[in-house]
Structure formats: C-alpha cells, structure tokens
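Colleague: Please give me a close account of one part of this model: the aromatic side chains and the packing around them. I should like the answer to follow the residues step by step.

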Amino acid sequence: MWTRWIVPWIVSICLFGCRGSFHGVLVDPPVEATEITATLPDGEAFSLQQHKGKVIILTFGYTYCPDVCPTTLSRLRGLFSALGEKASDLVVVYVSVDPDRDTPERLGEYVSAFDSRIFPISLQGEALEAVKKGYGIVSLKRMPDLSKYPASKKSAITHYAVDHTSGFHVVDKSGKLRLRIPYEATVEETKADILQLLAE
Amino acid sequence: MRRFLAALSVAAGFVLACSSPRAEGGAPIVVSGAVARLAPGMGAVYLTIQNNTETEDRLVSVEAPGAMVELHETVAKGEVMQMIARPEGFVVPAQGSIALQEGGKHLMVMGADPAAHPGGLPLTLVFARAGRVSATAPLASLGGK
C-alpha cells in the first residue's frame, strides 16, 4: 500500500533536484555573455572574455548613489570573505550607469574603497548602451523636482539620481549568462548560488 | 496623621508623574541606532526616530558639519531601484516611530570626510514641532555582512 506514494515522492524530489536550489532566477536558456572591454583606472585593458573559466558577477550602479550601490558593494565584499579560498575563482565587475560623472578615476577610487578586487568599468556612449542591452539593464536619470524645494535651496540642488536595474547578473565558467540574483538576496544566499556554479 | 497622608499623597503624585512614558524618555523625540556609511564623496545615514508625543511630527532637514544632507527614499519597481528625493520630509507618527534603513528611507550625505569624524558623524535633525535634535552616527565599515 505504501508503494502508491513512491511515484509522487520521486517526482517531487526530482523536481526539486532537477530545478536545482538556486536562490536567483535562471536565465533560460543561457545566453552567451556580452563582451565588455574597457580601460581600467590604472590604464590596463579589461576584457570580460579573458576571465572565461571563472564565475563572473556583473552589477550596475554609480558613485552618487547613497544607499543601493554601497549596500551592493558591501555585500560583494562580504561575499568575497564568505567564499574564502574559492574567492579567487570569482570575478566581480561593477559597471557605472552614470557616464557623465563617473570617470574611470572617480569610479576606481569609489569601488576600491569597498574592495580592490572589484573591477570598476566606466564606459561611454554606444559602448555603455551595448553592454546595458546585452544584460537587460535599464537606467534613467532622475532630475530633482525643484518645485518641492524652498526657494533658498533651489540653486544649491544640482545633482541628479540614476534609477537602475539592481542585483547580480552571473556568468558561468563557460561564458554563459546563467543567473540573475535579486537585490534582496543575502550574502549567504548569493554564496550558495556562486558555489553551485563554481562546482560545475 | 492627616499631614502625613497629605505629604504621602503629594509624594505619590510626584512619583506617578515622573513614571509617565514621556517623562521617562525625557524627550519628545528620541533618535537611536544611528550609523553612517561613508564612501568617497557620498554616503548614507540610517537611524530610528521615536516620537513620544501625542502629536505627529515631521523630520524636515538634517545638518552635518562640512556636508550636504538630504532626505531620500529607495523605492523598488521590480528589478529597478529608484532613488527619490523627499524634500517634503519624513512624517513621524504620534506615539510611533520610523526606521531609516537600507533599501528604504535614508539620509543622503554628500561631502562628509570620514577621517574628520573618527568618533562618529555629528548630526542635527530638525523637526517641525520638536525642533533641533542632536545625534551622533558611528561610522560603519564599508565591508558587507
């Protein structure tokens, strides 16, 4: 009589196992990761494809961001720590979505304050647009609504914010875009997903 | 005897008055849990504001030495994070609290020099009713958890 439960149990286990236990959302089917080439702040050339064979996290932000981006960068530093020795098989790339203000030098100083292992990528014009398109990134300047400010402060408000896609976009060791890990994921959840990809 | 009872009543009344919640807190607005995360040129301060009065109040501005501070809020629209300025301020409900935290309301701090404030960033929070309230936000490491 207990045998009537075998098939449903096997199906349930298989569904769980076959889907894997990623916290992130799988890119289905995986796509070839869009190449990124740039000049780093120290003048060295960067190429995403040169890091094939490692797991790569790409994330997008800007330096005039007080909350989301520092939180993201802090978590990435925590991820490196949590991975221990396996951190050497992880590459993290931070691409600015604010080409007007984030020069390579400014971006480099900002990113290195969190972790010098993170590659700061400052791109302009069509080069940036191609990368954003390749990874499905949206970014939009948000100008301040000066009507909400008192007259005495209007002239002092010159900065703008940049709304942008958050989270991590993860490329596996074969160079395929495999996973999107949402902003809300904890360091431990992200670590678990990265370890799975490192084990492939 | 009657004098004794009268004195006892006065004393009891005094003790009861002193034990009311507002008198125990000592202030209409209490700021707690402040922390400043300052990256080069830009940072955020997170904290909790408790309003111990019977009337709603509003945080209208914040001052920090050598820096420009604005009230902002992060709003998630699907995968897109929006960073919205809130110059109108943050309402703090009567007998209630609000928490400024990662992914939500926060203070945007521009131009603060962490090296100049090793003991924490001094802040003056300006409320519509309670006026100026001081707090200090210890500096958080930029390393994540």
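Modeller: Phe46(A) is buried, at a relative accessible area of 4%; buried means under 20%, exposed over 50% and partly exposed in between (1.4 Å probe, protein chains only). The model is predicted, so local features need pLDDT of at least 70 and side-chain atom pairs pLDDT 80 or more, while totals for chains, interfaces and linings use all residues. Residues count from 1 along each chain as written, chains are lettered from A and ligands numbered from 1 in written order, and side-chain values use heavy atoms, without hydrogens or water.

Over all chains, the structure holds 3 aromatic pairs. In one of them, Phe46(A) meets Phe119(A): the ring centres are 5.0 Å apart and the planes lie at 50°, so this pair is tilted. (Rings of Phe, Tyr and Trp, the last by its six-membered ring, pair with centres within 6.5 Å; planes under 30 degrees apart are stacked, over 60 edge-to-face, the rest tilted.) Phe46(A) belongs to strand E3 (residues 45–47) of chain A and Phe119(A) to strand E6 (residues 119–121) of chain A, so that the pair links distant parts of the chain, 73 residues apart. Helices (at least four residues) and strands (at least two) are DSSP runs numbered from the N terminus. Phe119(A) is partly exposed, with a relative accessible area of 22%, whereas Phe46(A) is buried.

Another pair joins Phe60(A) to Tyr135(A), with ring centres 6.3 Å apart and planes at 45°; this pair is therefore tilted as well. Phe60(A) is found in strand E4 (residues 55–61) of chain A and Tyr135(A) in helix H4 (residues 125–135) of chain A, so the pair ties together parts that are 75 residues apart in sequence. On the strand side, Phe60(A) is buried, its relative accessible area being 2%. On the helix side, Tyr135(A) is buried at 0% relative accessibility.

Tyr135(A) also leads into the wider packing. Together with Ile36(A), Tyr135(A) has the most contacts inside the largest nonpolar core, which has 60 residues. Such a core is a set of buried Ala, Val, Leu, Ile, Met, Phe, Trp, Tyr and Cys residues joined through side-chain atoms within 4.5 Å. Helix H2 (residues 68–83) of chain A gives the most to this core, contributing 7 residues.

Which residues does Ile36(A) touch, apart from those up to four places away in sequence? With contact taken as heavy atoms within 4.5 Å, Ile36(A) touches Phe46(A) and Tyr135(A), and also Ser47(A), Leu48(A), Leu58(A), Val95(A), Ile121(A), Leu123(A) and Val131(A). Ile36(A) thus touches one member of the Phe46(A)–Phe119(A) pair and one member of the Phe60(A)–Tyr135(A) pair. A second core, separate from the largest, has 27 residues, among them Ala36(B), Val45(B), Leu47(B) and Val133(B).

Helix H3 (residues 104–114) of chain A adds further buried side chains to the picture. Tyr110(A) and Phe114(A) are buried there, as are Leu107(A), Gly108(A) and Val111(A). The buried residues of H3(A) pack against H2, strand E5 (90–96) and E6 of chain A, and also against strand E1 (29–39) of chain B.

As for the chain in which both pairs described here lie, chain A has 6 helices and 10 strands. Of its 200 residues, 47% are buried. Among contacts in chain A with a separation of 6 or more, 72% come from residues 24 or more positions apart.
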